[in-house]
Amino acid sequence: MPASAAASTKRRRATDDDARADEETRERPRKRGVKNPRLIGRKFTGGANASLFIRQWAWKREMKTERERFEDAYAYPTDEDDREDGKRKRAIVLNQRKFTATGFASTVWDSAVVLSKYAEKTRRDFARAKTCVELGAGCGLISAVMREIVEVPRVIATDVEGNMELLRENVEKYGVETRALTWGADAEKAFADVDVDVVVASDVVYWNDSMDDLVMTLRALAKTPKTRVLMAYGRNRQALEKFLDVSREDFETRDVPRSECDALYQCTDVDVIELRRK
């Protein structure tokens, strides 16, 4: 078979596979989470002929294999050709590990990707930002993107002490500072020397008992309405109602519409909100 014919057959098969996967998934009832468990770990081509639905499905972290989520390094997808200044940046590559006793901070989650891509798309909005702090940084994806791609001059990634080894390993090479931080009354003292312009966080509203401390920490960081607080959360949002209730007295909340997010790197089970101090 000629090489051109073989290539054409390969592309047709890939497109057919994506179409079948699209049909299989859409047959399931619409609900949050994995609609068809048989598709976990399946290799989608996400090619130009695939539907937007399939291309969105292809990048989702939830659909990756255990090896891809806990052993392989995560490479953040970016198209440097889109940069207006023509400067090329280092690729952001983060190590991942199996979950530990301190929680789920050792893998990259969908919400971190969505928020990172939102910040990348709207990076002009951060032109005057001097300092960004990430709460519950985990692997550090958002911090790395804020420093390396959005180019905020100073980015500080924080998490509990038990997660700091991996966080430091991942983000310090991109010029991101790291600080161990326990939410609550200590936050004001820990950041007394820092004027914060942007606070970012993903998947931090899953435990009701920590919401008072989270809001206390946000108060300490966002002292005036000039500070933007951007948060993303996926299906693990069990404490969202309490968070919104506790934060209502001090913060105004805006739901970021999906039209403002990256067209590809968004999904129905991840939402982004922006908070401003009243």
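Biologist: Is glutamate 274 buried or exposed in this one?

Modeller: Glutamate 274 counts as buried, because its relative accessibility is 8%. Keep in mind that this is a predicted model.

Biologist: Which side chain does glutamate 274 meet in a salt bridge?

Modeller: Arginine 228, at 3.0 Å from N to O. That pair links distant parts of the chain, with glutamate 274 in strand β9 and arginine 228 in strand β7, 46 residues apart.

Biologist: And arginine 228, buried or exposed?

Modeller: Buried, since its relative accessibility is 9%.

Biologist: Which residues are linked with those two in a network of salt bridges?

Modeller: Arg254, Glu260 and Arg276 are in the network along with Arg228 and Glu274.

Biologist: How many salt bridges does the structure hold?

Modeller: There are 19. Another one joins the side chains of arginine 219 and aspartate 250, at 2.7 Å from N to O. This pair also links distant parts of the chain: arginine 219 sits in helix α8 and aspartate 250 in the loop between α9 and β8, 31 residues apart.

Biologist: How accessible are arginine 219 and aspartate 250?

Modeller: Arginine 219 is partly exposed at 28% relative accessibility, while aspartate 250 is buried with a relative accessible area of 15%.

Biologist: Switching to helix α4. What does glutamate 120 form a salt bridge with?

Modeller: With lysine 117, where the closest N and O atoms are 3.2 Å apart. Both residues are buried. They are three residues apart in helix α4, so about one helical turn separates them.

Biologist: Which acidic residue has lysine 117 as its nearest side chain of opposite charge, but no salt bridge?

Modeller: Aspartate 262, which is buried and has lysine 117 5.3 Å away. You'll find aspartate 262 in the loop between β8 and β9.

Biologist: What does aspartate 262 touch, then?

Modeller: Lys117 and Lys121, if you don't count residues up to four places away in sequence. Closer along the chain, a polar atom of the aspartate 262 side chain lies 2.9 Å from the backbone nitrogen of leucine 264.

Biologist: Back to α4 for a second. What about serine 111, buried or exposed?

Modeller: Serine 111, which lies in helix α4, is buried with a relative accessible area of 1%. Leaving out residues up to four places away in sequence, serine 111 touches Ser202, Asp203, Ala232, Tyr233, Gly234 and Val270. The C-alpha atoms of serine 111 and valine 272 are 8.3 Å apart, with their positions 161 residues apart along the chain.

Biologist: You mentioned Asp203. What is its phi near?

Modeller: Near 50 degrees, a positive value in a residue other than glycine. Aspartate 203 is in the loop between β6 and α8, and counts as buried at 16% relative accessibility.

Biologist: Which loop residue has a positive phi of about 65 degrees?

Modeller: Glutamate 151, which isn't a glycine either. Its place is the loop between α5 and β4, and it is partly exposed with a relative accessible area of 34%.

Biologist: And β4 itself, how many of its residues are buried?

Modeller: Five of the six, so β4 is largely enclosed by the rest of the structure. Strand β3 pairs with β4 in the parallel sense over four bridges. In one of the pairings, glutamate 134 has alanine 157 of β4 as its bridge partner.

Biologist: How far is glutamate 134 from the nearest side chain of opposite charge?

Modeller: That would be arginine 147, 13 Å away; glutamate 134 is buried and has no salt bridge. Its contacts beyond four places in sequence include Gly140, Ser143 and Val200.

Biologist: Last topic, the helices. Which residues of α6 are buried?

Modeller: Met164, Leu166, Leu167, Asn170 and Val171. They cover an arc of only 160 degrees around the axis, which puts them on the same side of α6. They pack against β2, β4 and β5.

Biologist: What about α9, which residues are buried there?

Modeller: Leu240, Phe243, Val246 and Ser247. Their arc is only 130 degrees around the axis, so they are on the same side of α9. They pack against α8, β7, β8 and β9.

Terms used
Residues are numbered from 1 along each chain as its sequence is written. This is a predicted model: local features need pLDDT of at least 70, side-chain atom pairs count only at pLDDT 80 or more; totals for chains, interfaces and linings use all residues. Side-chain values use heavy atoms; hydrogens and water are left out. Buried means under 20% relative accessible area, exposed over 50%, partly exposed in between (1.4 Å probe, protein chains only). Helices (H or I, at least four residues) and strands (E, at least two) are DSSP runs, numbered from the N terminus. The arc is that of the directions from the helix axis to the C-beta atoms. Contact means heavy atoms within 4.5 Å. Lys and Arg count as positive and Asp and Glu as negative; His and the chain ends are not counted. A salt bridge is a side-chain nitrogen of Lys or Arg within 4 Å of a carboxyl oxygen of Asp or Glu. A polar contact is a pair of N or O atoms within 3.5 Å; within protein, one must be able to donate a hydrogen and the other to accept it, and residues adjacent in sequence count only if both atoms are side-chain atoms. Two strands pair if DSSP finds at least two bridges between them.
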